[in-house]
Amino acid sequence: METLIYQLKSIRLSAMAQKLEVRLQEATANELTYLDFIKNLVDDELTIRKDRLLNRRLKQAKFPYNKTIEDFDFSFNPSINKQKIKQLSCAGFVANNENVLFIGPPGVGKTHLAVAFGINAIQTGFAVLYRSIFDVVKDINRKSEDDIIDLFLKPHLLIIDELGMKNLSQQATEIFLEVIHRRYMKRSTIIATNRPIEDWGKIIGDNATASAILDRFLENVHFIKITGKSYRMKNLTAKNQKTIESNNKN
């Protein structure tokens, strides 16, 4: 037994090695065939490998937090098209190399939904990268241009959050344009912003470049405009109410 476990580990079948004794006991107790015994061991290996890949891709995605569609409170802002969100969250748009644009004021759930789309895409088998516009600027300052472009081109889904919260330098603008240009019809991109499309020239710092980016990005895009109240203010109000109630009891 120990020799077999060692051999399984040496050929990188660690899940099979881990479950071997349990599966042997199960096979003996239930009089399983050799084929069923081997199948159960292989299932163990495949399940653990899938879980490891999922966890690795979640870590590589660099989400600010892990929030799912199930965590999203649609009732707070009923103007949000729940059916459309649910449909897009299945990651079919990633398979079709389509884009998503979230536009809305701060606090209405754009980041939550973008992250949820990303998590579902990973669970479907795609690689994802999340970067806020602040992360993008830091990346550009710390890495070479080739490394940045390579980083942003690799994932099946690239999420750029908070576009418009920071003005871009000329170098950042040029890199942004190249990334959008080279991902065009080949990879999917989500952009979340609180600024209308008409303001992108100011955000990017060049109207011609903004037009070139929009021309490619909007050709195959799912547009989601979110209005309504801020979830952050809702949570803050609830927290303050609990504090008041607690003080009154004391």
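This passage looks at the cavities and the salt bridges of a predicted model.

Start with the empty spaces inside. The structure holds 2 cavities of 30 Å³ or more. The largest cavity has about 90 Å³ of space in it, and the second largest comes to about 50 Å³.

What surrounds the largest cavity? Its lining is made up of Ile-133, Val-136, Ile-140, Phe-152, Ile-160, Leu-163, Leu-168, Ala-172, Ile-175, Phe-176 and Val-179. Sort these residues by kind and the result is 11 nonpolar, no polar and no charged. Three elements, α7 (133-142), β3 (157-163) and α9 (170-183), each bring at least two residues to this lining. Of these, α9 gives the most, with 4 residues.

The second largest cavity has a more mixed set of neighbours, with 4 nonpolar, 2 polar and 3 charged residues in its lining. The residues in question are Asn-99, Ile-180, Arg-183, Tyr-184, Met-185, Arg-187, Thr-189, Arg-216 and Phe-217. Helix α9 turns up here too: α9 and α11 (207-217) each supply at least two of the lining residues.

Now for the charged side chains. Side chains of opposite charge can pair when their charged atoms come close. In this model the count comes to 9 salt bridges.

One of them links Lys-39 and Asp-43, with N and O 3.0 Å apart. Where do Lys-39 and Asp-43 sit relative to each other along the helix? They are 4 residues apart in helix α3 (residues 34-61), so about one helical turn separates them. Lys-39 is partly exposed, at 48% relative accessible area, and Asp-43 is also partly exposed, at 31%.

Helix α9 has a pair with the spacing of about one turn as well: Arg-182 and Glu-178 lie 4 residues apart in it. Their salt bridge puts the closest N and O atoms 3.0 Å apart. Arg-182 counts as partly exposed at 41% relative accessibility, and Glu-178 does as well, at 27%. Elsewhere, salt bridges with shared partners tie Arg-23, Glu-26 and Asp-44 into one network.

Another salt bridge joins the side chains of Asp-135 and Arg-131, with an N to O distance of 3.9 Å. Is Arg-131 buried or exposed? Arg-131 counts as buried, because its relative accessibility is 11% and the cut-off for buried is under 20%.

Key. Residues numbered from 1 in each chain as written. Predicted model: local features only at pLDDT ≥ 70, side-chain atom pairs only at ≥ 80, totals over all residues. Heavy atoms only, no water. 1 Å grid on protein atoms, 1.4 Å probe; cavity = no way out; pocket = protein on both sides within 12 Å on 5 of 7 lines; lining within 4 Å. Points joined across faces, edges and corners; volume = space filled by probe spheres on them. Nonpolar A, V, L, I, M, F, W, Y, C, P; charged D, E, K, R; others polar. Salt bridge = Lys/Arg side-chain N within 4 Å of Asp/Glu carboxyl O. Buried < 20%, exposed > 50% of the residue type's maximum accessible area, 1.4 Å probe, protein only.
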